[in-house]
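Please open the model in a viewer and keep the selection panel at hand. The tour proceeds from a helix to the pockets.

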Amino acid sequence: MQVEPAVEWLLSSAEPAIAYLTRRDVLGKDVEADPDRILSGPIVRALLRGQKRDGGFGVHAYKKWTGAHWRLVSLVELAVRAGEPRAVAAADTVLQWLTGAGHRRGVKVVDGLARPCASMEGNALAVCCRLGLAEDPRVTLLAESLVEWQWPDGGWNCDLRASGRRSSFHETLPPAWGLHEYWLATGEEWARGAADRAAELFLEHGLFRSLTTGEVIDQSWLVPHYPPYWHYDVPQALLVLSRLGRVRDPRAREALDLLVGLQRDDGRWHAGKRWWRAVGGDGTGVEAVDWGRRGPSDMITLNALRVLRSAGRVAEPALATA
């Protein structure tokens, strides 16, 4: 497995956040981010462009993919610092929406099981914790609600017709990340426990196999996408499990082999089908930034190397020479 060419490519990125995160998370260097340099990156600048006085971006916070909800996930993944005023203002609009009476009334309960689109609360919870807002009562409400709504198998599901036997992988991955971030920020063990129960749901399936037949549940899960938004795929699941400290579980071995097998000859990883449409396009699903229309993906490559380092699949001596 080639590591050095991919590392060198990431270090030469025009986006300062990617170079910084590569040094910190892939090379294991003790480095501090320069907040101003992070904010100078072309993608970060584009994500903040068009912000209005109320903190939003002139559309509903959840509008795909230009609403504040989606921009904020990308901003915190690009190392925008806690307390950054524009990000905090955008987060306030998201919290107003998710904790408002209208949204809360929309969460249905069927056969004793809540049916929220929990990826909304999960992504927002992670974002707010990364931005230093974990003590905000509205953020606490998001975390407590996710635990209250968690299904017996450890996940969440918004499908009103679902039998209740199995949760949605799509709706479970963001809450696992969010509750983990809440635990990191607050030390609340109940949040950590809920995140671990979600991790068990993925691990018992080997991240992508049916418990009944052993077959692949969905072929689209086997290729990476960036940004994933609310969609589940195995590389993103491995990233979240690595953050939870669960990626070395033997049940993740096949998924890790899959990730290694997705590496191209040049050492980089490429994105599969895009969930977004080009900036300036018509209709729904138009992005605020261009994440790359074809070829290698810097964020997917960065995340893959992060995962493999966490899993012990990349030797430290090889990284030290990069």
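Which residues in α6 are buried? In this predicted model, they are Ala87, Ala90, Ala91, Thr93, Val94, Leu95, Trp97 and Leu98.

Select residues 85-98 to display the whole of helix α6. At 1.5 Å a residue, its 14 residues should span 20 Å, and the end C-alpha atoms are 20 Å apart, so the expected and modelled spans agree.

Next, add α5 (68-77), α7 (101-105), α8 (118-130) and α9 (137-149) to the view; these helices are among the elements that cover the buried residues of α6.

Move then to the start of α6 and show Glu84 and Arg86. A side-chain oxygen of Glu84 comes to within 2.9 Å of the backbone nitrogen of Arg86.

For the largest pocket, select Arg24, Asp25, Arg130, Arg243 and Arg306, which lie nearest its centre among the 16 residues of the lining. Two or more lining residues come from each of α2 (16-26), α5, α12 (234-243) and α14 (298-310). The greatest contribution is that of α2, with 4 residues. By class, the lining of this pocket comprises 7 nonpolar, 2 polar and 7 charged residues. The space within the largest pocket is about 350 Å³.

Finally, select Trp291, Gly292, Arg293, Pro296 and Ser297, the residues nearest the centre of the second largest pocket. Its lining consists of 21 residues, divided into 8 nonpolar, 6 polar and 7 charged. About 260 Å³ of space lies in this second largest pocket.

Conventions. Residues numbered from 1 in each chain as written. Predicted model: local features only at pLDDT ≥ 70, side-chain atom pairs only at ≥ 80, totals over all residues. Heavy atoms only, no water. Expected span 1.5 Å × (residues − 1). Buried < 20%, exposed > 50% of the residue type's maximum accessible area, 1.4 Å probe, protein only. Contact = heavy atoms within 4.5 Å. Polar contact = N/O pair within 3.5 Å; in protein donor to acceptor, adjacent residues only side chain to side chain. 1 Å grid on protein atoms, 1.4 Å probe; cavity = no way out; pocket = protein on both sides within 12 Å on 5 of 7 lines; lining within 4 Å. Points joined across faces, edges and corners; volume = space filled by probe spheres on them. Nonpolar A, V, L, I, M, F, W, Y, C, P; charged D, E, K, R; others polar.
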